[in-house]
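Reader: I should like to understand how the terms used for a protein model are justified. Could the reasoning be set out step by step?

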Amino acid sequence: MKEYATEKLRNVALIGHNSTGKTTFTEALLFASGNISRMGSVEDGTTVSDYDDEEKRRKQSVRLSVVPVEWKDHKINLIDCPGYTDFYGEVKSAVRVADLGLIFVDAVSGVEVGTELAMQAVDEARIPRAVLISRMDRENADFKGVMEQLHEAFHQDIVPLMLPVGAQSNFQGVIDLVSRRYLKGANGEVAEVPAEMRDLVEEARARLMEAAAEGEDDLIEKWLDTGELTDEEFVRGLRSAIRKRTFVPVFCAAPARGIGAHAMLYALVNYAPMPFDLGADPDDGEHGTVLFIFKTMADPYVGKLSYFRVIEGPVRGGDTRLVNARTNEEERIATLLVPRGKEQFPVPILHVGDIGVLPKLSSAQTSDALCDRAHCAALPPIEFPNPLYAVALYPKSKNDAAKISTALARLCEEDPSLRHVNDPSTKETLLLGLGQAHVDVAIHHLQTHFGVEVDATLPKISYRETVTKRGQARYRHKKQTGGAGQFAEIEMIVEPSTPGAGYEFEWQVFGGAISSSFQPSIEKGIKQVMETGVLAGYPIIDVKCIVLDGKEHPVDSKPIAFEICARHVFKMAFEQAGPVLLEPIYTFTIVVPEANQGDVMANLKTKRAQIIGMDHRGNKAIIEAQAPLAEMQRYGNDLRSLTQGRGFYTMKFDHYAPVPPNIAQAIIAKYRAERHAEEE
């Protein structure tokens, strides 16, 4: 692969709703530019960017793929992203290193939830954006109708940079309004603009020129004075306006038939921002070398692959030594690679703004910065969405159990929007992701990439136990075995402590009834019971234990005797203190279209939720509610069904609250039945 200077680079993230043609568009540009000899298809599993077995099986992208397209001495780094909302973390990685977010909108379906999330992602990343109305050859394709939806959804200037010629089965090509070129058919042949469209083209071109003039002060003044710009001023103003995000430019294409591919190559090279447009430093080496890692993957043959963008450079392969700003560990850059789907091509040098791959780095992770020691500084990490969907994993064999921790750590290193935790109260290994599909893909990778087979179940709720009043008990532990025996007697009060205090201990023994040397043993016995619970086997929180009195024996009293006695007396006092089961309560912030607000609130009432706040932002309703986790574990599925996929939510632990008696009784009864079965 050739060497490309910074001004010849374009980094474009392909984002948007699922099944809008992003992967097929990548194939179309590769074919139109001559990078491949024939187009692959998603259905046949032959595309360059969807190369993973899981992607071929599902016939959809599940992780981002970098595909450089070389055309007319330029390199367009396309970052093909999954459109399904469960893989939104991949979009966050892509927009971090892109200079343009190209948002795909289906010509029939129009604005969908993935469209809104894509626009949100580029807004948060503060990068320029454009829209491609895709699949214009579909039956019922409606360019004008989708334009109206875009205006309504985003309340911004939505200005076409291309116009379609024909639609549906009669879609023939596109007209670039800047150059007035009509690029016809799959080969992009330059043809004469149809006579019936000339007035429409001039009208749309004048509107685009006005939008371009707003990119620079001197151009808007000239436009207001003369109503015209030169071709050079037109392109300059257009690039500036796109960079400043003063309007949203709109393209159109039919990727499966290759119509519009040549026009898009021309548009991306001539109108899309290059790294220098967005403030990249000069590619002169004076600022040292800085690489930002935005994606980590595990290749079964090559090993760990770290995808990076050159922030300061250039960077050369060979024996370059860089430091990880997070760990201060040195990494050797022996081989520089450029990815194209599953392939990697070695290159000697990469310039500022380019994207490459480093194999087999030791300590580097996603969001790390690698730099030379003289210019080392950490960069802000990628902010991944918090996972909402959890499953409990149970290894199928002892061999799987031995490997699962390492495999999960590597899996979450590849995809930071995944989390894995070990819940000490339920003794379960939990895997958390953004949705069912996200977690299913992760489990499939556990099996295929790491050789770990697991069963996945709904996680147990991490309940807690506490008391509501004062309870008091006295217990004597006496054991005689022929030799030295065991003796201990304790009187104890158990009562509620301050919420959040956890555990408090007070020693009120007077007159030496129990030696203070036995106090640690008594506390140890109490804490053992607090870890395993009394009612249903869950940890005990927010209790205060007061040791009032007791007895000891000069020979038979030992630390172990007081530890055993403390366990028994604590259980007795706990049962006298109005014990209750507590459940975790989370605060949910739910964002839905206003039209779905009533259905969503009615559904929340069936889940023991309390509405604590409401707000409106644009055409969205924001509902804040508190609800038990037990009722909301699969809320994402319900919300997707109620809002046709347009609703989303975040959740955060708030506090523990008593479980309603009827539900608590069932939980306790189930626990005791299981204990009884184990004992038998």
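**Reasoning from values to terms**

Author: Of the 680 residues in the chain, 55% count as buried. The model is a predicted one. The chain has 17 helices and 34 strands, and its C-alpha trace spans about 110 × 60 × 50 Å along the principal axes.

Reader: What share of the exposed area do carbon and sulfur atoms supply?

Author: Carbon and sulfur atoms supply 48% of the area that the chain exposes, which is about 29,300 Å².

Reader: What share of the contacts with a separation of 6 or more comes from residues 24 or more positions apart?

Author: Such residues account for 73% of those contacts in the chain.

Reader: Why is the pairing of lysine 295 and glutamate 90 called a salt bridge?

Author: The term requires a side-chain nitrogen of Lys or Arg within 4 Å of a carboxyl oxygen of Asp or Glu. Between lysine 295 and glutamate 90 the N to O distance is 2.8 Å, and the pair therefore meets the cut-off of 4 Å. By this rule the count comes to 41 salt bridges.

Reader: Where in the chain do lysine 295 and glutamate 90 lie?

Author: Lysine 295 belongs to strand S12 (residues 290-299) and glutamate 90 to helix H3 (residues 88-97). The two are 205 residues apart, and the pair links distant parts of the chain.

Reader: Are lysine 295 and glutamate 90 buried or exposed?

Author: Buried means under 20% relative accessible area. Lysine 295 has a relative accessible area of 4% and is therefore buried. Glutamate 90, at 4% relative accessibility, also counts as buried.

Reader: How do you know that aspartate 218 and arginine 236 form a salt bridge?

Author: The closest N and O atoms of aspartate 218 and arginine 236 are 3.3 Å apart, and the cut-off is 4 Å. The pair therefore satisfies the rule. Aspartate 218 lies in helix H7 (residues 217-226) and arginine 236 in helix H8 (residues 231-244), so the salt bridge ties together parts that are 18 residues apart in sequence.

Reader: What makes aspartate 218 and arginine 236 partly exposed?

Author: Partly exposed lies between buried, under 20%, and exposed, over 50%. Aspartate 218 has a relative accessible area of 45%, and it is therefore partly exposed. Arginine 236, with 29%, is partly exposed as well.

Reader: Why do glutamate 489 and arginine 474 form a salt bridge?

Author: Their closest N and O atoms are 2.6 Å apart, and the rule asks for a distance within 4 Å, so the term applies. Glutamate 489 is in strand S28 (residues 486-496), arginine 474 is in strand S27 (residues 471-479), and the two are 15 residues apart. Glutamate 489 is buried, with a relative accessible area of 6%, whereas arginine 474 is partly exposed, with 32%.

Reader: Which residues are linked with Arg474 and Glu489 in a network of salt bridges?

Author: The network also links Arg476, Glu491 and Asp549.

Reader: What is said of the phi of glutamine 168 and of lysine 360?

Author: Phi of glutamine 168 is near 60°, a positive value in a residue other than glycine. Lysine 360 is not a glycine either, and its phi is positive, at about 60°. Glutamine 168 is placed in the loop between strand S7 (162-165) and strand S8 (173-176); lysine 360 is in the loop between strand S20 (355-359) and strand S21 (369-371).

Reader: What makes lysine 360 exposed and glutamine 168 partly exposed?

Author: Exposed means over 50% relative accessible area. Lysine 360 is at 63% and therefore counts as exposed. Glutamine 168 has 30%, so it is partly exposed.

Reader: Which residues does a cis peptide bond join?

Author: A cis peptide bond joins glycine 313 and proline 314, with omega at about 10°. Proline 314 lies in the loop between strand S13 (303-312) and strand S14 (315-316).

Reader: How much space lies in the second largest pocket, and which residues are closest to its centre?

Author: About 720 Å³ of space lies in the second largest pocket. Among its 24 lining residues, those closest to the centre are Lys460, Ala536, Tyr538, Tyr671 and Glu674. H17 gives the largest share of the lining, seven residues. By class, the lining has 10 nonpolar, five polar and nine charged residues.

Definitions and conventions
Residues numbered from 1 in each chain as written. Predicted model: local features only at pLDDT ≥ 70, side-chain atom pairs only at ≥ 80, totals over all residues. Heavy atoms only, no water. 1 Å grid on protein atoms, 1.4 Å probe; cavity = no way out; pocket = protein on both sides within 12 Å on 5 of 7 lines; lining within 4 Å. Points joined across faces, edges and corners; volume = space filled by probe spheres on them. Helix = DSSP H or I, 4+ residues; strand = E, 2+ residues; numbered from the N terminus. Nonpolar A, V, L, I, M, F, W, Y, C, P; charged D, E, K, R; others polar. Buried < 20%, exposed > 50% of the residue type's maximum accessible area, 1.4 Å probe, protein only. Contact = heavy atoms within 4.5 Å. Areas by Shrake-Rupley, 256 points an atom, 1.4 Å probe, with all protein chains shown as cover.
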